[in-house]
Amino acid sequence: MGYATVLVDVPVPAGEGLFDYAVPPSLDEAAVVGVCVRVPFRGRRAMGFVFARPTTPAVSEVREVIAVDDAYPPLTEEMRRLIDWLAQRYLCSYPDALHVIMPPGPRTRVESVIQLAVDETTASARADAVEARAPGQSRVIRALVAEGPMTIERLGEAAGVKDPTAIVKLLSGQGTVLKESVWRKGVGPLLETLYALAVSEGEAVQAAEATLRRAPKQARVLKTLADRGLPSSAAEIKTMAGVGPAVLASLVAKGLLRVERCERRRGPEVAWTDQAAASVVPTQAQGTVIKSIAEAIRNRRSERFLLHGVTGSGKTEVYLRAVEAALAGGRSAIYLVPEIALTPQAVVGFRARFGDDVAVLHSRLSNGERYDEWRRIYGGKVRVAVGARSAVFAPFRELGLIVLDEEHEGSYKQEDDPRYSARGVAEHRAEEHGAVLLLGSATPSLESYFAAAGPAPRYRLLRLTTRIGGRPLPGVSLVDMRAELAAGNKSVLSLTLREKLAERLARREQTILFLNRRGFSTFVLCRSCGYSARCPNCDVALTLHSTGPAGPELRCHYCDFVRPVPDVCPRCGSSYIRYFGAGTERIADEVKKLFPTARVARLDADAVTRKGAHAAILRSFRDGEVDVLVGTQMVAKGLDFPRVTLVGAVAADTALNLPDFRAAERTFQLLTQVAGRAGRGDPGEVVFQTYQPEHYSLLRAKEQDFEAFYAAELEVRRGLGYPPFTRLGVIIVSGVREQPVIDAAQDLADRVKAAAGEATEVLGPAPAPFARLRGRFRWQILLKSGPGADLEALLRTAQDEARHRRGAGELRVTVDIDPQDLL
Ligand code: ADP
Ligand code: ZN
Ligand code: ZN
């Protein structure tokens with residue numbers, strides 16, 4: 001008998017998920033490495049994939065593979081290696097890794113069903129025997145005889161028994177029924193019934209005009225199909241010819257129509273398709289950059305590039321040309337964007353250039369759409385994939401290029417298991433494929449820029465320093481909101497912003513007002529002097545907690561420093577402390593009140609819940625039906641509207657008060673992006689409203705001087721030992737009761753501290769920034785590892801320790817390596 005190591009799709013702890021089975025001779029040939037199989041697992045059946053075919057099993061007692069299943073396409077060798085790598089690198093389980101690289105498709109949730117354990121005659125006899133004594137039992141058996149296997153809930157209904165659990169237990173004890181796990185049906189190909197002409201088009205028209213003269217409906221169908229020249233669904237025929245299924249049935253009976261079952265691709269909706277496929281001639285600067293990248297692709301060098309190009313410098317064209325170079329060499333390309341809903345223009349650009357050769361993958365697709373797009377890639381039907389984070393796993397066989405647009409965005413990191421970073425995976429896959437990795441941004445992350453321009457470069461730095469068409473970057477003014485308050489203006493709009501807005505409206509130009517809503521109400525800021533409460537040890541904003549022992553308090557969630565919430569500003573004595581800001585709705589209302597004739601639209605999560613609303617709002621803005629667009633992060637990124645000449649950041653410094661060491665970096669990035677929306681056609685102007693006008697991230701964003709910001713921020717990071725000088729790890733302990741969570745976190749922190757060497761600093765435990773999430777208390781331990789420390793090993797130890805405590809209630813321990821948002 002042969003053996004198989006199977007990745008079993010069941011919930012297991014990190015690092016686990018591979019189990020050995022025997023392969024019966026009847027399956028020996030079919031159960032090759034990669035295929036989908038069914039196996040017994042802890043008294044149930046489960047689905048899995050053959051990972052290897054060892055000659056001897058790792059354990060002596062093995063059970064047998066039940067069947068080979070073709071519900072799923074086989075895992076390729078690269079996929080298996082990738083799963084292995086993910087499990088090691090991000091400390092997750094094998095099934096968790098499997099789930100990110102496979103589409104939702106037929107991978108279905110397993111459901112428990114009850115079925116007969118004996119044949120129907122025996123079962124009926126047993127039902128008869130207990131009929132009088134135990135009518136409930138009898139009815140349960142009869143229901144199973146009549147309807148076959150079903151879930152316990154359905155069985156209760158079918159047998160008219162309120163809760164059949166006890167009866168089922170009894171019947172299974174005596175061997176009449178058994179419980180089995182089956183697959184709830186997942187997504188499969190969408191098959192559609194189509195009607196096609198069974199005769200030639202000429203014959204069809206002839207029939208319509210001769211033999212079917214008295215049957216005008218049938219005649220109409222034949223003519224319609226002959227005109228259209230395509231097999232059509234009943235619904236389509238109904239629309240075109242206005243006839244129902246009965247007419248179609250008679251045509252089939254007469255041998256004039258044929259029924260076909262075809263697969264129909266569920267194509268994802270693309271926001272705008274009315275943009276021209278204009279191919280531009282690269283500028284000289286673009287040409288130089290494209291040449292370096294294309295050369296590396298052509299020579300199959302697995303090189304990594306960081307493209308630092310100011311906003312409006314034409315990075316998209318560089319990406320498109322790089323993709324062309326990969327395709328020209330017969331290979332495929334992946335183009336990643338942080339969030340596809342925020343960058344509809346990117347998808348349109350790719351569709352315009354590469355047409356149907358582009359698959360689109362993102363979280364808003366239905367399962368069916370995603371499954372179909374995935375199979376187009378897997379089956380080699382397309383060569384380009386465009387998508388968000390998870391598209392980095394697009395199953396191309398031969399990759400020539402992976403692009404990460406806006407590479408600095410935090411959303412490239414997944415915050416659930418497996419906590420992978422798309423950048424990390426892209427680096428790994430590019431290397432495996434001998435492909436080029438291209439990271440691009442106007443505001444690269446500190447880590448990436450350090451990797452390109454620092455002392456030990458891993459990336460090659462490419463630059464685009466000017467905007468297309470020699471357009472100047474917009475001029476930025478900082479408005480000091482403290483002065484506005486002192487002058488008696490309590491409004492969210494400063495006098496400067498109002499004046500400039502009025503000018504735009506008079507000139508019929510467009511304005512974007514941007515409001516960063518992240519982090520509101522969690523920090524303390526003085527509106528009179530700009531003071532904000534920060535941790536003296538960690539230099540991050542302190543977070544407001546309303547649940548302290550002596551009332552509300554401010555806490556550092558890195559090191560657990562605590563202080564009371566001040567009633568008046570400790571710096572200036574003002575009572576305008578506790579700034580909560582305003583929502584987009586209030587800003588839009590205020591604009592309407594000030595300028596009653598202005599056409600104002602909002603773009604935020606609330607405004608776009610309806611499918612297609614996002615695209616509709618952007619379209620009306622682009623078409624000039626809206627004068628002022630008020631929005632959240634959604635307006636900050638990627639939009640290219642030539643008629644926008646004014647951009648206002650209403651609360652430019654909110655991100656500074658996020659309790660995260662990257663707060664300054666995020667602020668700078670966001671403001672640069674926002675400012676970049678202005679002046680993409682006519683010269684533009686930008687206004688930042690702030691309570692901290694002297695902060696370097698605001699000053700450097702005003703000057704749009706990335707280099708200067710980078711240099712300043714790097715020194716801060718060096719001083720406090722944050723990345724890129726260290727690597728971070730976070731351990732989060734959570735549970736429904738707080739004290740056990742605190743105790744376990746303390747205990748775990750002590751053990752990790754004992755295990756950590758000199759090069760790793762262990763901070764906390766402290767309440768996590770979201771100290772209570774979905775009813776669970778959360779405490780965290782922060783690890784900072786310097787050069788030479790083995791952070792993975794340390795986190796793995798923590799994970800193991802946590803597993804041994806598993807009996808201690810329902811505590812959950814999660815581990816995150818290189819966290820992006822410490823939130
Ligand atoms: P970025 O992504 O760097 O902010 P974009 O790629 O959006 O910049 O380009 C800015 C604008 O310049 C777009 O409208 C784009 O169509 C246009 N553009 C890019 N390259 C060229 C070129 N070589 N010639 C003319 N227009 C170009
Ligand atoms: Zn103050
Ligand atoms: Zn601290």
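Let me begin with a definition, since several remarks depend on it: a residue is called buried when its relative accessible area is under 20%, exposed when that area is over 50%, and partly exposed in between, with a 1.4 Å probe and only the protein chains considered. By that rule Cys 572, at 39% relative accessibility, counts as partly exposed.

What you see above is a predicted model, in which local features need pLDDT of at least 70 and side-chain atom pairs count only at pLDDT 80 or more, while totals for chains, interfaces and linings use all residues. Residues are numbered from 1 along each chain as its sequence is written, chains are lettered from A and ligands numbered from 1 in the order in which they are written, and side-chain values use heavy atoms, with hydrogens and water left out.

I will start with the zinc ion that is ligand 2, to which Cys 572 belongs as a donor. Its protein donors are the SG atoms of Cys 526, Cys 529, Cys 569 and Cys 572, lying 2.3 Å from the ion, where a donor is an N, O or S atom within 2.8 Å of the metal (3.2 Å for Na, K and Ca), and where sites may look incomplete because water is not among the atoms. Along the sequence these donor residues are spaced C-x2-C-x39-C-x2-C. The pair Cys 529 and Cys 572 links distant parts of the chain, with Cys 529 in the loop between β20 and β21 and Cys 572 in the loop between β23 and α19 (584–594), 43 residues apart. For those element names, helices (H or I, at least four residues) and strands (E, at least two) are DSSP runs, numbered from the N terminus. Cys 529, in contrast to its partner, is buried, because its relative accessible area is 11%.

What is the arrangement of the 4 donor atoms around this zinc ion, ligand 2? They subtend angles of 106 to 113°, and the arrangement is therefore tetrahedral; the rule is that four donors count as tetrahedral if all angles lie between 85 and 135 degrees. For reference, the ideal angle for four tetrahedral donors is 109.5 degrees.

The other zinc ion, ligand 3, has as its protein donors the SG atoms of Cys 535, Cys 538, Cys 556 and Cys 559, lying 2.3 Å from it. Here the spacing along the chain is C-x2-C-x17-C-x2-C, and the pair Cys 538 and Cys 559 again links distant parts of the chain, 21 residues apart, the former in the loop between β20 (510–514) and β21 (543–545) and the latter in the loop between β22 (553–555) and β23 (562–564). The 4 donor atoms subtend angles of 106 to 115°, which makes this arrangement tetrahedral. Cys 538 counts as buried because its relative accessibility is 4%, whereas Cys 559, at 21%, counts as partly exposed.

Let me turn to ligand 1. It is surrounded by 15 residues, the closest being Val 281, Gly 312, Lys 315, Thr 316 and Asp 640, where a residue qualifies if one of its heavy atoms lies within 4 Å. This shell divides into 5 nonpolar, 7 polar and 3 charged residues. As for individual atoms, a polar side-chain atom of Gln 286 lies 2.8 Å from a nitrogen atom of the ligand, while oxygen atoms of ligand 1 lie 2.6 Å from a polar backbone atom of Gly 312 and 3.1 Å from one of Gly 314. The protein covers 70% of the 560 Å² of accessible area that ligand 1 has on its own, the areas coming from the Shrake-Rupley method with a 1.4 Å probe.

Finally, some backbone details. Most residues other than glycine have a negative phi, and most peptide bonds are trans. The bond from Asp 417 to Pro 418 is cis, with omega near -10°, and Pro 418 is found in the loop between β16 (399–404) and α15 (422–433). Arg 508, in the loop between α18 (495–507) and β20, has a positive phi near 60° and counts as exposed because its relative accessibility is 59%.

Asn 657, by contrast, counts as buried at 1%, and its side chain makes a polar contact with that of Ser 532 at 3.4 Å. A polar contact is a pair of N or O atoms within 3.5 Å; within protein, one must be able to donate a hydrogen and the other to accept it, and residues adjacent in sequence count only if both atoms are side-chain atoms. As for the classes used for the shell, Ala, Val, Leu, Ile, Met, Phe, Trp, Tyr, Cys and Pro count as nonpolar, Asp, Glu, Lys and Arg as charged, and the others, Gly among them, as polar.

Key. Four donors count as tetrahedral if all angles lie between 85 and 135 degrees; four count as square planar and six as octahedral if opposite donors are over 155 degrees apart and all others between 65 and 115; anything else is irregular.
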